[in-house]
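User: I would like to go through the labels given to this model and see what each one rests on. Please start with the term that the rest depends on.

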Amino acid sequence: MYSLPSMILMGVIMLASWLVSSRLKSKFEHYSKLQLQNGMSGKEIAEKMLADNGIRDVQVISVAGQLTDHYNPVDKTVNLSEAVYNQRNAAAAAVAAHECGHAVQHAVGYEWLTMRSKLVPVVNIASSYMQWILLAGILMVRTFPSLLLVGIVIFAATTLFTIITLPVEYDASNRALAWLENKHMLNPAEQAGAKDALKWAARTYVVAALGSIATLLYYISIYMNRR
């Protein structure tokens, strides 16, 4: 079912994803040891960034797990993993400020975040059925090609989501780093660490988008060559 070029491409993307994820983990472990001179926790960093941007209706809360940090525009909460919420290091400051960057985007009506938020319900529904539709579509591509086409359209929506996520994530990091620097929250070494950590975090989204695009093209090629 898989052609040699597609297998090679997917292998390259999987390798890139593993390398970036491994590098990101090592970066965060390194910068988690770089304690902040100002002594502020991730929670305190987040609350100050929100206040400095005039945002009074967003709550900073702690959530269980690792890498569970996110901003929820529905209930207006900045959700920080326990480590980020409590710790006082460059990695925690970077993550906390980044998630607040999403809150700032929401407050100012950042168009890319608005677009992504509108796609969330579609992606949630698509993720429940997409793989089954694509599998059935591939198996029945010669007799019922329309089913695969439906799967491709659904997968295209998820691919669009990964693409739109890129400017959202990069902009949130840029807002975070600019605030950290302009407010002199970190010393030069801490600022450099926060920037490096967020740079590698953003690259995980780039790899995810490339992988989704490659997979979409693969499904399209199956549909186009069904005869």
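Analyst: A residue is called buried under 20% relative accessible area, exposed over 50%, and partly exposed in between. The model is a predicted one.

User: Why is Lys76 called partly exposed?

Analyst: Lys76 has a relative accessible area of 31%. Partly exposed covers the values between under 20% and over 50%, so Lys76 is partly exposed. Its place is the loop between β2 (70-72) and β3 (77-81).

User: What makes the phi of Lys76 worth a remark?

Analyst: Phi of Lys76 is near 55°, which is positive, and the residue is not a glycine. Most residues other than glycine have a negative phi.

User: Which residue in the loop between α6 (145-182) and α7 (188-224) is to be looked at next, and is His184 buried or exposed?

Analyst: The residue is His184. Its relative accessibility is 68%. The cut-off for exposed is over 50%, so His184 counts as exposed. His184 also has a positive phi, about 55°, without being a glycine.

User: What makes Ile163 eligible for a nonpolar surface patch?

Analyst: Ile163 has a relative accessible area of 35% and is partly exposed. Patch residues need over 30% relative accessible area and no salt bridge, and nonpolar side chains are joined within 5 Å. Ile is on the list of nonpolar side chains, and the value of 35% for Ile163 passes the area cut-off. Ile163 is found in helix α6.

User: Which residues make the patch with Ile163, and which element gives the largest share?

Analyst: Leu210, Ile213, Leu217, Ile220 and Met224 make the patch together with Ile163, with an area of about 530 Å². Helix α7 gives the largest share, five residues.

User: How do you know how much of the chain is buried?

Analyst: Buried means under 20% relative accessible area. Of the 227 residues in the chain, 44% are buried. The accessible surface of the chain comes to about 12400 Å², and carbon and sulfur atoms hold 63% of that surface.

User: What is the order of helices and strands along the chain?

Analyst: The chain has seven helices and three strands, in the order α-α-β-β-β-α-α-α-α-α. Its C-alpha atoms fill a box of roughly 65 × 35 × 30 Å along the principal axes.

User: What share of the contacts join residues at least 24 apart in sequence?

Analyst: Among contacts between residues at least 6 apart in sequence, the share is 71%.

How values were computed
Residues are numbered from 1 along each chain as its sequence is written. This is a predicted model: local features need pLDDT of at least 70, side-chain atom pairs count only at pLDDT 80 or more; totals for chains, interfaces and linings use all residues. Side-chain values use heavy atoms; hydrogens and water are left out. Helices (H or I, at least four residues) and strands (E, at least two) are DSSP runs, numbered from the N terminus. Buried means under 20% relative accessible area, exposed over 50%, partly exposed in between (1.4 Å probe, protein chains only). Contact means heavy atoms within 4.5 Å. Accessible areas come from the Shrake-Rupley method with a 1.4 Å probe; for residues, only the protein chains shown count as cover. Patches are made of residues with over 30% relative accessible area and no salt bridge: like charges are joined within 9 Å, nonpolar side chains (Val, Leu, Ile, Met, Phe, Trp, Tyr) within 5 Å. A salt bridge is a side-chain nitrogen of Lys or Arg within 4 Å of a carboxyl oxygen of Asp or Glu.
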